[in-house]
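This briefing introduces the fold of a single protein chain for a reader new to structural biology. Please keep the sequence and the structure in view while reading.

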Amino acid sequence: MRILLSNDDGYFAPGLAVLAHTLSNIADITVVAPERDRSGASNSLTLDRPLMLRQAHSGFYYVNGTPTDCVHLAVTGMLDHLPDMVISGINHGANMGDDTIYSGTVAAATEGFLLGVPSIAVSLASFSEGNFECAAQVVLNLVRRVMAQPFSAPMLLNVNVPDIPYAALQGTEITRLGRRHKAEPVVKSTNPRGQTVYWVGAAGSAQDAGEGTDFSAVARQRVSITPLQMDLTQFSQLAPLRDWWQA
């Protein structure tokens with residue numbers, strides 16, 4: 001199997017290195033990741049300047065662009081073959097609920113999916129301990145399952161792993177996205193030059209974290225796997241909107 005790895009934390013991120021090392025035992029790995037941390041970049045493409053592809057001493061390739069740029073460049077221009085899978089991560093921090101809208105980790109996997117490749121975004125649901133080996137083992141198991149039972153059509157999966165040792169995991173759950181409360185207000189500050197600056201506030205706490213959600217699974221020390229889709233159409237509003245328009 002040929003796997004393209006990317007992330008949004010940058011090519012130097014420890015989670016990416018652990019994932020590449022773990023998966024190299026069963027697959028041919030190519031890493032194309034951003035040259036710096038692009039967390040929160042979402043599905044943005046760089047259209048106002050050219051992109052540059054360089055290779056680090058680790059063998060990883062890095063791009064002066066977004067996570068989406070990395071996967072798009074690799075699949076449509078760099079690689080001489082279509083990868084069998086795109087995996088983005090391991091992100092240091094959860095990507096659950098509303099996070100998926102902003103996440104560069106999810107965006108990199110989304111780009112693979114849009115280009116016709118089965119794709120997985122994987123995140124370690126904590127900013128503290130850093131049990132990347134646990135998350136890497138979860139991904140290894142998932143890839144082996146895909147190899148044994150391939151998807152009938154490309155899928156986009158969002159995986160969140162509790163930040164605990166692998167032996168402490170309480171299983172795996174197929175989930176839906178939960179919802180967060182609205183984000184905290186921006187934080188107003190002053191820089192050394194006396195200019196007013198603003199920091200984006202923290203994400204809101206979980207609002208919809210009931211049974212069946214990604215929040216609930218991770219809180220119970222279970223791996224959360226959520227299938228995602230790209231169709232943003234609000235189907236329940238189609239008929240009411242037509243009626244409103246024709247009134």
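Strand 8 and strand 13 (residues 223-227) run parallel and are joined by three bridges. The model described here is predicted. In total, the secondary structure of the chain consists of seven helices and 13 strands.

**The nine-stranded sheet**

- Within the pair just named, Ile174 stands opposite Ile225 of strand 13.
- Strands of a sheet pair through backbone hydrogen bonds, in either a parallel or an antiparallel manner.
- Strands 8 and 13 belong to an open sheet of nine strands, whose order is 3-4-2-1-5-6-7-13-8 and whose pairing is mixed.
- The edges of this sheet are strand 3 (53-55) and strand 8 (172-174); each has a single partner strand, so one side of each has no neighbour in the sheet.
- On average, and with direction ignored, neighbouring strands of the sheet are turned by 25 degrees against each other.
- Helix 5 (residues 132-148) packs on the sheet and touches strand 1 (2-6), strand 5 (85-92), strand 6 (119-124), strand 7 (156-161) and strand 13.
- The direction of helix 5 makes about 165 degrees with that of strand 5.

**A hairpin**

- Strand 10 (residues 187-190) and strand 11 (residues 196-199) run antiparallel and are joined by four bridges.
- In this pairing, Val187 has Trp199 of strand 11 as its bridge partner.
- The two strands form a hairpin with five residues between them, and Gly194 in the turn has a positive phi of about 85 degrees.

**Cysteines**

- A disulfide is a covalent bond between the sulfur atoms of two cysteines.
- The count of disulfides in this model is zero.
- Cys70 counts as buried because its relative accessibility is 0%, where buried means under 20% relative accessible area.
- Cys134 has a relative accessible area of 4%, and therefore it is buried as well.

**The chain as a whole**

- A compact globule of 247 residues would have a radius of gyration near 18 Å, and the 19 Å of this chain agrees with that value.
- The C-alpha trace spans about 60 × 50 × 45 Å along its principal axes.
- Of the 247 residues, 46% count as buried.
- The chain exposes about 13100 Å², of which carbon and sulfur atoms supply 54%.
- Among contacts between residues at least 6 apart in sequence, 75% join residues at least 24 apart.

Methods:
Residues numbered from 1 in each chain as written. Predicted model: local features only at pLDDT ≥ 70, side-chain atom pairs only at ≥ 80, totals over all residues. Heavy atoms only, no water. Pairing = 2+ DSSP bridges. Axes fitted to C-alpha atoms, helices over the stretch in contact; angles between N-to-C directions. Contact = heavy atoms within 4.5 Å. Rg over C-alpha atoms; globule rule 2.2 N^0.38 Å. Buried < 20%, exposed > 50% of the residue type's maximum accessible area, 1.4 Å probe, protein only. Areas by Shrake-Rupley, 256 points an atom, 1.4 Å probe, with all protein chains shown as cover. Disulfide = S-S within 2.5 Å.
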